[in-house]
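This report looks at a single protein chain. It covers the confidence of the model, charged pairs and a few residues at the surface.

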Amino acid sequence: MGLYIEAHIRADLDELWARTQDPAQHQRWDLRFTEIEYLARVPGEPQRFRYATRVLPFLTVAGTGISAGEKERPDGTRTSALRFASPHPLSLLAEGSGYWRYVPVSDGVRFLTGYDYRPRWGRLGALADRAVLRPLTGWATAWSFDRLRLWLERGITPERARWNWLAEMTARALTTVGCTAGLSQGPVLDALSPAVAFLVPLLLVVALSLALFAPPLATTPAARRCLRTPPTRVTAPHVLRTLGRQS
């Protein structure tokens, strides 16, 4: 698959399964979707669903898909797979497929995903995907996985985690702007005593470095906490190939 994200979540497998398989809970933590709803299911057919993503305040891109899951596997792992497509002309993402794997370990669950998609708009779409959409989608997936981890491990709701992130990013941005402005005030620094004139820029540089490079707070979701490269060679699960034949 083109994109790979993995998070180590110290939580119960059943609880993780519930918060990822229930559309009402899934749409709360996954930044990629604004709405997810299951459609009426036909006996013997995979589950069909509708999704929507708010791209701009007055622009929502929607699509549909099919999904299937394996809750009980001989090795103790679980898997779910999906195929999706959006007919919306403004959706750069035309169609794609992916899977989630749930791998129990001694202190939690390795929750990982692999997925890929086909962009539309020809060569222009391919360039836009390579330069913007694919990196952004990978970041959004990893950020969402860490937001889910905070919900399960610390009880921080997805809504609170979003506000924590916005508050921290705002504080970092204001600190960066303030320190940069302070360092540019040469005449003001010249008017201070030599000791103070030396100390103030040093403190500003330290504050600027912390704002730019300090790790995120423990209560703030961060994409960097997730693994973005598979540790070993991975292949799509069997259920995804079966889903393809059923669709």
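The text below starts with confidence, then turns to salt bridges and the surface.

The structure is a predicted model. Its chain has an average pLDDT of 86, and 88% of the residues reach at least 70. Confidence peaks in strand β1 (residues 3-9), with a mean of 97, and is lowest in helix α5 (residues 186-190), with a mean of 56.

Side chains of opposite charge can pair when their charged atoms come close. In the whole structure, 17 salt bridges are found. Among them are these three:

| Salt bridge | Closest N and O atoms |
|---|---|
| R110 with E6 | 2.7 Å |
| R134 with D116 | 2.9 Å |
| R225 with D146 | 2.6 Å |

R110 sits in strand β7 and E6 in strand β1, 104 residues apart, so this pair links distant parts of the chain. E6 counts as buried because its relative accessible area is 11%, whereas R110, at 26%, is partly exposed.

R134 belongs to helix α3 and D116 to strand β7, so their bridge ties together parts 18 residues apart in sequence.

D146 is also in helix α3, while R225 lies in the loop between α6 (194-213) and α7 (238-246). D146 is buried, at 1% relative accessible area, and R225 is partly exposed, at 33%. Both belong to a salt-bridge network with R149 and E153.

At the surface, L31, V132, L136 and W139 make a nonpolar patch of about 350 Å². W139 is part of helix α3 and is partly exposed, at 30%.

Another tryptophan, W121, is in the loop between β7 (108-119) and α3 (122-154). Its phi is near 75°, a positive value in a residue other than glycine.

Note on methods: Residues numbered from 1 in each chain as written. Predicted model: local features only at pLDDT ≥ 70, side-chain atom pairs only at ≥ 80, totals over all residues. Heavy atoms only, no water. pLDDT = per-residue confidence, 0-100. Helix = DSSP H or I, 4+ residues; strand = E, 2+ residues; numbered from the N terminus. Patch = residues over 30% accessible without salt bridge, like charges linked within 9 Å, V, L, I, M, F, W, Y side chains within 5 Å. Areas by Shrake-Rupley, 256 points an atom, 1.4 Å probe, with all protein chains shown as cover. Salt bridge = Lys/Arg side-chain N within 4 Å of Asp/Glu carboxyl O. Buried < 20%, exposed > 50% of the residue type's maximum accessible area, 1.4 Å probe, protein only.
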